[in-house]
Amino acid sequence: MSGYLKREDQRLRNYVASMRAVFRKRAVYSDETSFYRSPFEPKPGDLVRIRIRTYKNNVDEVWFISGALRSQMEKKETRECFDYYEISITCGEDPIIYYFELKSGNIVYYYNKIGVTRDLTERHAFRIHPGFSTPEWARGTVMYQIYTDRFANGDPANDVLTDEYAYLEGHSRHIDDWYAVPEDFDVRNFYGGDIEGIEQKLDYLEDLGVEVLYLNPIFVSPSNHKYDIQDYDHVDPHFSKMIHDGGDLLAPGDMDNQHAGRYIKRVTDTENLAASDAYFVSFVEKVHARGMKVILDGVFNHCGSFNKWMDRERIYEGRPGFEPGAYVSNRSPYRDFFKFNNEHAWPYNEFYDGWWGHATLPKLNYEDSKKLEEYILNIGRKWVSPPFNCDGWRLDVAADLGHSAEYNHIFWKKFRKAVKEANPDALILAEHYGETFDWLKGDEWDTVMNYDAFMEPVTWFLTGMEKHSDQFRTDLLGNGTSFKDAVNYHMASFMGPSLLCAMNELDNHDHSRFLTRTNHRVGRVSFLGAEAAGEDISYPVLREAVLIQMTFPGAPTIYYGDEAGVVGFTDPDNRRTYPWGREKKDLIKFYKTAIRMHKGSRALREGSYKDLGSGQNLVAYGRFTNREQIVVVVNSSTESIIAEIPVWETGVPRNRNTLMRELLRTNEQGYASRLTAHDVTAGILTIELSAHEAVVLKA
């Protein structure tokens, strides 16, 4: 019997020790926000204070390790159940890569961006790149993406006309019914949305809570998406203003754009182009007067076959003020802007590299043309400088720019220098899928569109759907552990400043609408039909996603119309018009409420992030500063669950009972922002969530 008791006693001691170890590890925390590293964006010569917290009296020593430097940190403060250790270091010119070593008795463990670990690779280390800074206005800012042709038609006089020109084996076409769903092949169809339409809706956007407008490309281009740039130097008059009009439309069956007199007049007349640019200047001024910003879409990997440098359509050929295009003549000053594969095919050489083989998207040939490189750098400078004064660039397929990754890094370093010298407060935000670590080292992009650490984990967890609606995975639907692991891993690629201004979208012009993903329909509009995009959708699941979006690290970015209930499969179906007069007004009210909550909290804009025990059908995390604690709990299932959330990990007191009040709750019955309070006992919040319910609470 005594042997049994000894074994039980030892087992109990082992259990208590293991629980203390788990408890100790969950208490350890540091990150790159301003509380744990000050100043937030240090410059060379700055003295930087770095902090880490541990559980009170649980750690004997804490060491700061950076390369060969190994320095013991000093316990500076004890607050609630935490000890805070500090060290101050002076920044030089070189990056500082660091992690922490903690000792407790005979136990030694390490801490970096992925938590307590033995994986000490540079990718997971904390990083300081002295001199790297992002615009302060971009941290946690609320963005709104506008696909201009589909948002609002403010000036019908500038609409693209049916038969105005030929493109992709057909004529341009004006769609008279604003509410018609896009056709399966939609690229040359136009609904008439323009910049004046956006201007007329600025009251709506400001009331919604929008702080930044991100515009899909607005430069002269023949498609409605305008990722086939014709002229980087001017805003398309079809989107802006034209003072000279007239000329012939194409006759039926005529595919020769040399006969497209109306189009040529509209987009090459120098006074039209000047008027178009001038109107855009006034538009940006009006946006700025409201305290809002404007980000442009930079398509620098490829241009369009209509581009004046290529001129495959020959609409610039022989016109005063324009040099011959590279398609037209091998003596063109733009000859080396493109890579031609047949040196004996001029005039009208069609043997050039196209992006992904598309002849309508000529690949730009930077490595062989310093003139092209400087031209695009000047475009980068131009639109963030007076008189245009735009506030940044979103960079299309940025990692594909040149013929090699090595050149791409060289170019984006030059681009950053050019843009930041022209406008130090401009944001450089790249479209990028996959690993971001090599691109976010402080000397290229500020940040990225956050697919891997936001869009993908959220859509898998709440819908089980791939972001194009191409796949449904039951193993990822409701898998909070996968959500936690994906977020934790991919966030480690970001430096703190980059994470806080990352573009957090649920969907955009390249992916199916999130609301459509809630119906679990796999496929595309071409064989499912447009009506299927709106069948069996779930507004409660969308509201859960928005609640996550408005409480996650980064800049929550709304794709126009999501707030009004727009549905759609992957492009072109996701590019439906904003349904003015047919909006889901209750959904818009919910967005306003969620945005107001986001904007009213420093913790949600700039605070730390910590997972609080996500698991099956459950995602729980905290956003916190030293003064404010926010907790988010989400139930993805169709059943009620009871969750015990260790809110003490955000700084909620553990040594006394306290309350957390609800800021926002959404479920299958609707939503509410109310002051319902919940007891917190010994740092644990016990909360019941009904089906598809999510709640935001504040200590």
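**Entry 1: the second largest pocket**

I began with the second largest pocket of this predicted model, and asked which of its lining residues lie nearest its centre. They are Y29, Y111, K113, N488 and Y609, out of 31 residues that line the second largest pocket. The space in the second largest pocket comes to about 740 Å³.

Next I looked up which elements supply the lining. Helix 1 (2-27), strand 9 (115-117), helix 9 (480-491), helix 10 (496-500) and strand 25 (608-611) each bring at least two residues to the second largest pocket. Helix 9 gives the most, with 5 residues. By class, I noted 15 nonpolar, 7 polar and 9 charged residues in the lining of the second largest pocket.

**Entry 2: the largest pocket**

I then turned to the largest pocket, whose volume is about 1,100 Å³. Its lining has 36 residues, and W355, H358, L361, D510 and D571 are the ones nearest its centre. How does the lining of the largest pocket divide into nonpolar, polar and charged residues? I wrote down 15 nonpolar, 11 polar and 10 charged.

**Entry 3: the parallel sheet**

Here I followed an open sheet of 8 strands, with parallel pairing and the order 22-21-20-19-16-11-24-23. Which strands stand at its edges? They are strand 22 (447-448) and strand 23 (503-505), and each pairs on one side only.

At the strand 23 edge, I found 3 bridges in the parallel sense between strand 23 and strand 24 (residues 555-559). In this stretch N504 stands opposite P556 of strand 24.

Strand 19 (residues 293-298) got a closer look. I checked how covered it is, and 5 of its 6 residues are buried. Strand 16 (residues 212-215) runs parallel to strand 19 and is joined to it by 3 bridges; Y214 stands opposite I295 in strand 19. Strand 20 (residues 392-395) also pairs with strand 19 in the parallel sense, over 3 bridges. There, R394 in strand 20 is the bridge partner of D297. I traced the chain from strand 19 through helix 6 (residues 370-382) to strand 20, and this β-α-β crossover is right-handed.

As a reminder to myself, strands of a sheet pair through backbone hydrogen bonds, either parallel or antiparallel.

**Entry 4: the antiparallel sheet**

I moved on to an open sheet of 4 strands, in the order 1-2-6-5, with antiparallel pairing. Why do strand 1 (37-38) and strand 5 each have one side without a neighbour in the sheet? Both stand at the edges with a single partner strand, so one side of each is left free of a neighbour.

Strand 5 (residues 74-79) pairs with strand 6 (residues 82-90) in the antiparallel sense, over 5 bridges. I picked out two facing pairs: K75 stands opposite Y85 in strand 6, and R79 stands opposite F82 in strand 6. Strand 5 and strand 6 form a hairpin with 2 residues between them. E80 sits in that turn and has a positive phi of about 55 degrees.

**Entry 5: the nonpolar cores**

For the inside of the model, I looked up the largest nonpolar core, which holds 140 residues. Which of its residues touch the most other members? Y144, L205, L213, F280, F300 and W393 do. Another core lies apart from that one, with 30 residues, including V59, V62, M73 and I89. In soluble globular proteins, nonpolar side chains tend to be buried together.

**Entry 6: the enclosed cavities**

Last, I went looking for closed spaces, and counted 3 cavities of 30 Å³ or more. The largest cavity has a volume of about 70 Å³. Of the 14 residues lining the largest cavity, G434, T436, N450, D452 and F494 are the closest to its centre. Which helix gives the most to the lining of the largest cavity? Helix 8 (residues 451-463) does, with 3 residues. The classes in the lining of the largest cavity are 5 nonpolar, 6 polar and 3 charged.

The second largest cavity holds about 50 Å³ of space. I listed its lining as R37, F40, E41, P42, R127, I128, H129, F132, M495 and P497. By class, the lining of the second largest cavity has 6 nonpolar residues, 1 polar residue and 3 charged residues.

How values were computed:
Residues are numbered from 1 along each chain as its sequence is written. This is a predicted model: local features need pLDDT of at least 70, side-chain atom pairs count only at pLDDT 80 or more; totals for chains, interfaces and linings use all residues. Side-chain values use heavy atoms; hydrogens and water are left out. A nonpolar core is a set of buried Ala, Val, Leu, Ile, Met, Phe, Trp, Tyr and Cys residues joined through side-chain atoms within 4.5 Å. Buried means under 20% relative accessible area, exposed over 50%, partly exposed in between (1.4 Å probe, protein chains only). On a 1 Å grid over the protein atoms alone, a cavity is a set of points where a 1.4 Å probe fits but cannot get out, and a pocket is an open set with protein on both sides within 12 Å along at least five of seven lines; lining residues have an atom within 4 Å of a point. Grid points are joined across faces, edges and corners, and a volume is the space filled by probe spheres set on the points. Ala, Val, Leu, Ile, Met, Phe, Trp, Tyr, Cys and Pro count as nonpolar, Asp, Glu, Lys and Arg as charged, and the others, Gly among them, as polar. Two strands pair if DSSP finds at least two bridges between them. A crossover is right-handed if, with the strands pointing away from the viewer, the path from the first strand over the helix to the second runs clockwise.
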